[in-house]
Amino acid sequence: MAATVGRVCGASILKANRGAVRHQVSTFTTASFSGWTKKRKTLFATLGIVTGGTGALLFALDYSVKASELELHPPKNPWSHSGFFASLDHNSIRRGYEVYKQVCAACHGMKYIAYRNLIGVSHTEAEAKAEAEEVQVQDGPDEAGNMYMRPGKLSDYFPNPYPNEEAARAANNGAFPPDLSYITLARHGGEDYVFALLTGYCDAPAGIVMREGQYYNPYFPGGAISMAQALYNEAIEYADGTPAYASQLAKDVCTFLKWAAEPEYDQRKLMLIKVCIDTLCLLETETVPLFMWMVIAKVLVQAQY
Ligand code: HEC
(Lines give C-alpha, C1' and ligand atoms only; values in the text may rest on other atoms or scores of the structure.)
Protein backbone atom coordinates (compact mmCIF):
# COMPACT_ATOMS: atom_id res chain seq x y z
CA MET A 1 0.00 0.00 0.00
CA ALA A 2 2.73 2.44 1.04
CA ALA A 3 4.71 1.49 -2.04
CA THR A 4 1.75 2.29 -4.32
CA VAL A 5 1.21 5.63 -2.60
CA GLY A 6 4.91 6.33 -2.90
CA ARG A 7 4.89 5.59 -6.61
CA VAL A 8 1.83 7.74 -7.23
CA CYS A 9 2.87 10.75 -5.16
CA GLY A 10 6.60 10.63 -5.70
CA ALA A 11 9.00 9.11 -3.23
CA SER A 12 9.99 12.45 -1.77
CA ILE A 13 6.74 12.73 0.16
CA LEU A 14 7.37 9.54 2.08
CA LYS A 15 11.11 9.98 2.42
CA ALA A 16 12.41 12.90 4.45
CA ASN A 17 14.49 14.90 2.01
CA ARG A 18 16.15 17.29 4.44
CA GLY A 19 18.98 18.32 2.18
CA ALA A 20 16.71 19.67 -0.53
CA VAL A 21 14.48 21.50 1.93
CA ARG A 22 17.46 23.10 3.65
CA HIS A 23 18.82 24.19 0.30
CA GLN A 24 15.45 25.69 -0.68
CA VAL A 25 15.15 27.53 2.60
CA SER A 26 18.64 28.94 2.45
CA THR A 27 18.26 30.16 -1.11
CA PHE A 28 14.79 31.57 -0.41
CA THR A 29 15.64 33.50 2.73
CA THR A 30 19.07 34.79 2.02
CA ALA A 31 18.95 35.44 -1.71
CA SER A 32 16.51 38.36 -1.44
CA PHE A 33 17.84 40.13 1.69
CA SER A 34 21.51 39.28 1.98
CA GLY A 35 22.43 41.62 -0.83
CA TRP A 36 20.69 44.56 0.88
CA THR A 37 22.79 47.26 2.44
CA LYS A 38 22.14 48.27 6.03
CA LYS A 39 20.72 51.59 4.85
CA ARG A 40 18.21 49.87 2.58
CA LYS A 41 17.06 47.56 5.38
CA THR A 42 16.58 50.51 7.75
CA LEU A 43 14.65 52.42 5.08
CA PHE A 44 12.26 49.52 4.44
CA ALA A 45 11.80 48.83 8.15
CA THR A 46 10.95 52.51 8.75
CA LEU A 47 8.57 52.50 5.80
CA GLY A 48 6.83 49.39 7.21
CA ILE A 49 6.44 50.93 10.65
CA VAL A 50 5.16 54.25 9.25
CA THR A 51 2.60 52.51 6.96
CA GLY A 52 1.40 50.27 9.81
CA GLY A 53 1.18 53.19 12.21
CA THR A 54 -0.74 55.36 9.73
CA GLY A 55 -3.18 52.51 9.08
CA ALA A 56 -3.81 52.04 12.81
CA LEU A 57 -4.27 55.82 13.29
CA LEU A 58 -6.75 56.04 10.40
CA PHE A 59 -8.70 53.08 11.79
CA ALA A 60 -8.80 54.66 15.28
CA LEU A 61 -9.93 58.03 13.87
CA ASP A 62 -12.61 56.42 11.74
CA TYR A 63 -13.84 54.35 14.68
CA SER A 64 -13.97 57.36 17.04
CA VAL A 65 -16.19 59.45 14.75
CA LYS A 66 -18.60 56.66 13.80
CA ALA A 67 -22.08 57.49 15.00
CA SER A 68 -23.60 54.06 14.51
CA GLU A 69 -24.41 53.61 18.20
CA LEU A 70 -26.31 56.51 19.66
CA GLU A 71 -27.50 54.92 22.87
CA LEU A 72 -25.55 54.49 26.08
CA HIS A 73 -24.81 50.99 27.28
CA PRO A 74 -26.20 50.39 30.77
CA PRO A 75 -23.56 50.06 33.49
CA LYS A 76 -23.34 46.71 35.28
CA ASN A 77 -24.80 46.94 38.78
CA PRO A 78 -23.74 44.83 41.76
CA TRP A 79 -27.14 43.12 42.19
CA SER A 80 -27.58 41.24 45.43
CA HIS A 81 -28.67 38.22 43.38
CA SER A 82 -25.63 38.06 41.15
CA GLY A 83 -22.92 35.66 42.25
CA PHE A 84 -22.75 31.89 42.53
CA PHE A 85 -24.28 31.58 46.00
CA ALA A 86 -26.70 34.54 45.93
CA SER A 87 -30.47 34.14 45.76
CA LEU A 88 -32.99 36.84 44.85
CA ASP A 89 -33.73 39.34 47.61
CA HIS A 90 -37.33 38.44 48.48
CA ASN A 91 -37.97 41.60 50.53
CA SER A 92 -36.98 43.51 47.41
CA ILE A 93 -39.35 41.40 45.27
CA ARG A 94 -42.16 42.30 47.65
CA ARG A 95 -41.37 46.01 47.47
CA GLY A 96 -40.93 45.71 43.69
CA TYR A 97 -44.44 44.28 43.45
CA GLU A 98 -45.70 47.37 45.31
CA VAL A 99 -43.92 49.60 42.77
CA TYR A 100 -45.30 47.62 39.84
CA LYS A 101 -48.83 47.68 41.25
CA GLN A 102 -48.87 51.36 42.14
CA VAL A 103 -46.88 52.80 39.21
CA CYS A 104 -46.19 50.52 36.24
CA ALA A 105 -49.52 48.63 36.22
CA ALA A 106 -51.23 51.82 35.04
CA CYS A 107 -49.77 51.17 31.58
CA HIS A 108 -48.08 47.74 31.56
CA GLY A 109 -49.66 44.30 31.94
CA MET A 110 -47.98 41.10 33.16
CA LYS A 111 -50.17 38.44 31.64
CA TYR A 112 -47.96 35.47 32.52
CA ILE A 113 -47.90 36.10 36.27
CA ALA A 114 -50.82 34.91 38.39
CA TYR A 115 -51.54 35.98 41.95
CA ARG A 116 -50.89 32.42 43.13
CA ASN A 117 -47.27 32.80 41.90
CA LEU A 118 -46.67 35.33 44.69
CA ILE A 119 -47.37 32.74 47.41
CA GLY A 120 -44.19 31.73 49.23
CA VAL A 121 -42.14 34.20 47.18
CA SER A 122 -43.21 37.61 48.42
CA HIS A 123 -46.62 37.07 50.02
CA THR A 124 -48.43 34.57 52.20
CA GLU A 125 -51.48 32.82 50.76
CA ALA A 126 -53.87 35.14 52.61
CA GLU A 127 -51.99 38.24 51.43
CA ALA A 128 -51.92 37.03 47.80
CA LYS A 129 -55.67 36.32 48.03
CA ALA A 130 -56.27 39.85 49.32
CA GLU A 131 -54.17 41.28 46.45
CA ALA A 132 -56.17 39.28 43.90
CA GLU A 133 -59.48 40.41 45.37
CA GLU A 134 -58.52 44.06 44.85
CA VAL A 135 -58.84 43.73 41.07
CA GLN A 136 -62.01 43.20 39.04
CA VAL A 137 -61.89 40.43 36.47
CA GLN A 138 -64.32 39.80 33.64
CA ASP A 139 -65.93 36.36 33.83
CA GLY A 140 -68.94 34.61 32.37
CA PRO A 141 -71.16 34.08 30.67
CA ASP A 142 -73.76 33.66 33.44
CA GLU A 143 -77.07 31.78 33.04
CA ALA A 144 -78.47 34.71 31.09
CA GLY A 145 -75.45 34.69 28.74
CA ASN A 146 -74.01 37.92 30.04
CA MET A 147 -70.37 38.58 30.92
CA TYR A 148 -69.92 39.97 34.39
CA MET A 149 -67.17 41.38 36.61
CA ARG A 150 -66.08 39.64 39.80
CA PRO A 151 -63.25 40.12 42.33
CA GLY A 152 -60.04 38.36 41.31
CA LYS A 153 -59.02 34.91 42.56
CA LEU A 154 -55.58 33.39 43.22
CA SER A 155 -55.69 31.67 39.83
CA ASP A 156 -56.22 34.94 37.93
CA TYR A 157 -53.35 36.55 36.05
CA PHE A 158 -52.32 40.19 36.55
CA PRO A 159 -54.84 42.29 34.64
CA ASN A 160 -54.00 44.26 31.51
CA PRO A 161 -54.73 47.98 31.90
CA TYR A 162 -56.00 48.17 28.30
CA PRO A 163 -58.55 45.93 26.56
CA ASN A 164 -56.39 45.62 23.42
CA GLU A 165 -53.23 46.93 21.71
CA GLU A 166 -55.08 49.67 19.82
CA ALA A 167 -56.47 51.11 23.06
CA ALA A 168 -52.97 50.98 24.59
CA ARG A 169 -51.47 52.83 21.63
CA ALA A 170 -54.27 55.38 21.58
CA ALA A 171 -53.61 56.21 25.23
CA ASN A 172 -49.80 56.41 24.81
CA ASN A 173 -49.26 58.65 21.81
CA GLY A 174 -49.07 55.69 19.41
CA ALA A 175 -46.46 53.75 21.44
CA PHE A 176 -47.21 50.32 22.88
CA PRO A 177 -46.24 49.66 26.51
CA PRO A 178 -44.89 46.08 26.32
CA ASP A 179 -45.98 43.31 28.68
CA LEU A 180 -43.42 43.21 31.51
CA SER A 181 -43.59 39.48 32.39
CA TYR A 182 -40.38 38.63 30.50
CA ILE A 183 -38.91 42.09 29.98
CA THR A 184 -35.57 41.39 31.72
CA LEU A 185 -35.01 38.48 29.33
CA ALA A 186 -36.40 40.34 26.32
CA ARG A 187 -33.96 43.27 26.44
CA HIS A 188 -30.20 43.23 26.00
CA GLY A 189 -28.67 44.07 29.38
CA GLY A 190 -31.61 42.58 31.36
CA GLU A 191 -32.28 44.22 34.72
CA ASP A 192 -29.26 46.53 34.28
CA TYR A 193 -30.95 47.98 31.18
CA VAL A 194 -34.35 48.39 32.86
CA PHE A 195 -32.71 50.06 35.89
CA ALA A 196 -30.71 52.42 33.66
CA LEU A 197 -33.81 53.20 31.61
CA LEU A 198 -35.94 54.02 34.67
CA THR A 199 -33.31 56.23 36.30
CA GLY A 200 -31.63 57.64 33.16
CA TYR A 201 -34.05 60.39 32.06
CA CYS A 202 -32.32 63.71 31.42
CA ASP A 203 -32.55 66.82 29.23
CA ALA A 204 -31.99 66.23 25.53
CA PRO A 205 -28.59 67.47 24.34
CA ALA A 206 -28.46 70.66 22.27
CA GLY A 207 -29.68 70.11 18.72
CA ILE A 208 -31.92 67.14 19.50
CA VAL A 209 -35.56 68.12 19.44
CA MET A 210 -38.13 65.82 20.97
CA ARG A 211 -41.51 65.40 19.32
CA GLU A 212 -44.63 65.87 21.40
CA GLY A 213 -45.10 62.99 23.84
CA GLN A 214 -41.49 61.87 23.57
CA TYR A 215 -38.86 62.07 26.29
CA TYR A 216 -35.10 61.91 26.07
CA ASN A 217 -33.47 58.82 27.55
CA PRO A 218 -29.90 57.99 26.45
CA TYR A 219 -30.34 54.29 27.27
CA PHE A 220 -33.34 53.82 24.96
CA PRO A 221 -32.31 52.93 21.38
CA GLY A 222 -32.61 56.17 19.42
CA GLY A 223 -32.86 58.26 22.60
CA ALA A 224 -36.54 59.25 22.25
CA ILE A 225 -38.94 57.17 24.36
CA SER A 226 -42.69 57.55 24.61
CA MET A 227 -42.75 56.62 28.30
CA ALA A 228 -42.45 59.60 30.62
CA GLN A 229 -40.22 59.28 33.69
CA ALA A 230 -42.22 57.05 36.01
CA LEU A 231 -40.11 56.96 39.16
CA TYR A 232 -39.36 59.92 41.40
CA ASN A 233 -38.20 60.13 44.99
CA GLU A 234 -41.14 59.15 47.19
CA ALA A 235 -43.38 58.33 44.22
CA ILE A 236 -44.96 55.74 46.51
CA GLU A 237 -44.72 54.87 50.18
CA TYR A 238 -43.35 51.43 51.05
CA ALA A 239 -45.34 49.36 53.53
CA ASP A 240 -42.11 48.26 55.28
CA GLY A 241 -40.94 51.85 55.75
CA THR A 242 -37.93 51.65 53.38
CA PRO A 243 -37.06 55.18 52.16
CA ALA A 244 -38.56 55.34 48.66
CA TYR A 245 -35.80 57.03 46.67
CA ALA A 246 -36.12 56.77 42.90
CA SER A 247 -33.08 54.47 42.73
CA GLN A 248 -34.53 52.24 45.47
CA LEU A 249 -37.87 52.02 43.62
CA ALA A 250 -36.06 51.16 40.39
CA LYS A 251 -33.87 48.53 42.05
CA ASP A 252 -36.86 46.87 43.72
CA VAL A 253 -39.03 46.83 40.60
CA CYS A 254 -36.11 45.39 38.62
CA THR A 255 -35.62 42.59 41.17
CA PHE A 256 -39.36 41.90 40.96
CA LEU A 257 -39.20 41.80 37.15
CA LYS A 258 -36.14 39.53 37.29
CA TRP A 259 -38.08 37.10 39.48
CA ALA A 260 -41.12 37.31 37.17
CA ALA A 261 -39.01 36.43 34.12
CA GLU A 262 -37.10 33.65 35.89
CA PRO A 263 -39.24 32.34 38.77
CA GLU A 264 -36.99 29.26 38.96
CA TYR A 265 -33.88 31.45 39.55
CA ASP A 266 -33.27 30.38 43.17
CA GLN A 267 -34.05 26.71 42.53
CA ARG A 268 -31.70 26.69 39.55
CA LYS A 269 -28.82 28.03 41.62
CA LEU A 270 -29.56 25.65 44.46
CA MET A 271 -29.57 22.75 42.00
CA LEU A 272 -26.21 23.85 40.57
CA ILE A 273 -24.69 24.01 44.06
CA LYS A 274 -26.10 20.54 44.85
CA VAL A 275 -24.69 19.11 41.63
CA CYS A 276 -21.27 20.61 42.43
CA ILE A 277 -21.31 19.15 45.96
CA ASP A 278 -22.47 15.75 44.61
CA THR A 279 -19.72 15.75 42.00
CA LEU A 280 -17.13 16.58 44.67
CA CYS A 281 -18.41 13.74 46.91
CA LEU A 282 -18.35 11.33 43.99
CA LEU A 283 -14.82 12.34 43.05
CA GLU A 284 -13.78 11.93 46.65
CA THR A 285 -15.22 8.43 47.00
CA GLU A 286 -13.64 7.37 43.70
CA THR A 287 -10.26 9.05 43.81
CA VAL A 288 -9.32 9.13 47.50
CA PRO A 289 -9.29 5.32 47.95
CA LEU A 290 -7.39 5.02 44.67
CA PHE A 291 -4.80 7.53 45.88
CA MET A 292 -4.62 5.76 49.26
CA TRP A 293 -3.89 2.38 47.63
CA MET A 294 -1.23 3.96 45.45
CA VAL A 295 0.58 5.30 48.54
CA ILE A 296 0.28 1.96 50.36
CA ALA A 297 1.60 0.08 47.31
CA LYS A 298 4.53 2.48 47.03
CA VAL A 299 5.44 2.06 50.72
CA LEU A 300 5.25 -1.73 50.41
CA VAL A 301 7.43 -1.77 47.30
CA GLN A 302 10.00 0.51 48.94
CA ALA A 303 10.01 -1.70 52.08
CA GLN A 304 10.80 -4.75 49.93
CA TYR A 305 14.02 -3.33 48.48
C1 HEC B 1 -47.94 56.31 31.63
C2 HEC B 1 -47.69 55.02 31.13
C3 HEC B 1 -46.48 54.25 31.59
C4 HEC B 1 -46.06 53.98 32.87
C5 HEC B 1 -46.70 54.43 34.18
C6 HEC B 1 -44.91 53.14 32.77
N7 HEC B 1 -44.62 52.91 31.45
FE8 HEC B 1 -43.11 51.79 30.72
N9 HEC B 1 -43.66 52.22 28.83
C10 HEC B 1 -44.73 53.00 28.48
C11 HEC B 1 -44.76 53.15 27.03
C12 HEC B 1 -45.78 53.94 26.25
C13 HEC B 1 -43.66 52.42 26.54
C14 HEC B 1 -43.21 52.26 25.09
C15 HEC B 1 -42.15 53.31 24.82
C16 HEC B 1 -41.69 53.39 23.39
O17 HEC B 1 -41.75 52.38 22.69
O18 HEC B 1 -41.24 54.49 23.01
C19 HEC B 1 -43.00 51.84 27.70
C20 HEC B 1 -41.87 51.04 27.62
C21 HEC B 1 -41.28 50.44 28.70
C22 HEC B 1 -40.19 49.53 28.64
C23 HEC B 1 -39.53 48.99 27.37
C24 HEC B 1 -38.47 49.87 26.81
C25 HEC B 1 -37.86 49.22 25.59
O26 HEC B 1 -36.65 48.97 25.59
O27 HEC B 1 -38.60 48.93 24.63
C28 HEC B 1 -39.87 49.14 29.91
C29 HEC B 1 -38.78 48.19 30.35
C30 HEC B 1 -40.79 49.83 30.77
N31 HEC B 1 -41.62 50.61 30.02
C32 HEC B 1 -40.79 49.66 32.14
C33 HEC B 1 -41.65 50.36 32.98
C34 HEC B 1 -41.63 50.20 34.41
C35 HEC B 1 -40.74 49.24 35.19
C36 HEC B 1 -42.57 51.04 34.89
C37 HEC B 1 -42.92 51.27 36.33
C38 HEC B 1 -41.90 51.73 37.19
C39 HEC B 1 -43.20 51.72 33.76
N40 HEC B 1 -42.59 51.27 32.62
C41 HEC B 1 -44.21 52.65 33.85
C42 HEC B 1 -45.63 53.58 29.31
C43 HEC B 1 -45.56 53.57 30.70
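**A walk from the ligand to the packed helices**

In the shell of residues around the ligand, the largest share, three residues, is supplied by helix α9. Since the model is a predicted one, what follows describes computed geometry. The surroundings of the ligand comprise 22 residues, and those that come nearest are C104, C107, P177, S226 and M227. Sorted by the character of their side chains, the residues of this shell divide into 18 nonpolar, three polar and one charged.

The UniProt record can be set beside this picture, for an unreviewed entry places the feature "binding site" at C104, C107, H108 and M227. These four positions span 124 residues in sequence, yet no two of their C-alpha atoms are more than 10.9 Å apart, so they gather at one spot. One of them, C107, is found in the loop that runs between α5 (90–102) and α6 (125–133). The unreviewed entry in UniProt also carries the annotation "transmembrane region", which covers residues 42–61. In the model, this stretch of chain is 100% helix and 0% strand, and 28 Å separate the C-alpha atoms at its ends.

We can now turn to the way helices lie against one another. Two packed helices are described by the angle between their axes and by the distance between those axes. Helix α9, made of residues 190–199, packs against helix α10, residues 246–261, at an angle of about 150 degrees, and their axes are 9 Å apart. Because angles over 145 degrees count as roughly antiparallel, α9 is roughly antiparallel to α10. The crossing in which α9 passes α10 is right-handed. On the side of α9 the contact is made by E191, V194, F195, L198 and T199, while α10 contributes A246, S247, A250, K251, C254, L257 and K258. Taken together, the residues of this contact divide into seven nonpolar, two polar and three charged.

Helix α10 also packs with α5, and here the angle is about 100 degrees, with the axes 7 Å apart. That angle makes α5 roughly perpendicular to α10. The residues S92, I93, R95, G96, Y97, V99 and Y100 of α5 meet L249, K251, D252, V253, T255, F256 and W259 of α10. The contact of α5 with α10 divides into eight nonpolar, three polar and three charged residues. K251 is named in the contact of α10 with α9, and K251 is named again in the contact of α10 with α5.

Finally, two details of the backbone deserve a careful look. Most residues other than glycine have a negative phi, and most peptide bonds are trans. Against that background, the peptide bond that joins G140 and P141 is cis, with omega about 0 degrees. P141 lies in the loop between strands β1 (136–139) and β2 (148–151). The other detail concerns N173, which has a positive phi of about 60 degrees although this residue is not a glycine. N173 has its place in the loop between α7 (165–171) and α8 (183–186).

Conventions
Residues are numbered from 1 along each chain as its sequence is written. This is a predicted model: local features need pLDDT of at least 70, side-chain atom pairs count only at pLDDT 80 or more; totals for chains, interfaces and linings use all residues. Axes are lines fitted to C-alpha atoms, for helices over the stretch in contact, and angles run from 0 to 180 degrees between N-to-C directions. Helices (H or I, at least four residues) and strands (E, at least two) are DSSP runs, numbered from the N terminus. Angles under 35 degrees count as roughly parallel, over 145 as roughly antiparallel, 65 to 115 as roughly perpendicular and the rest as oblique. A crossing is left-handed if the near helix is turned anticlockwise from the far one by less than a right angle, and right-handed if clockwise. Two residues are in contact if their C-beta atoms, placed from the backbone, lie within 7 Å. Ala, Val, Leu, Ile, Met, Phe, Trp, Tyr, Cys and Pro count as nonpolar, Asp, Glu, Lys and Arg as charged, and the others, Gly among them, as polar. A residue is near a molecule or strand if its C-beta atom, placed from the backbone, lies within 6 Å of it. UniProt positions are given in the numbering used here, feature names are shortened, and annotations may be inferred rather than shown by experiment.
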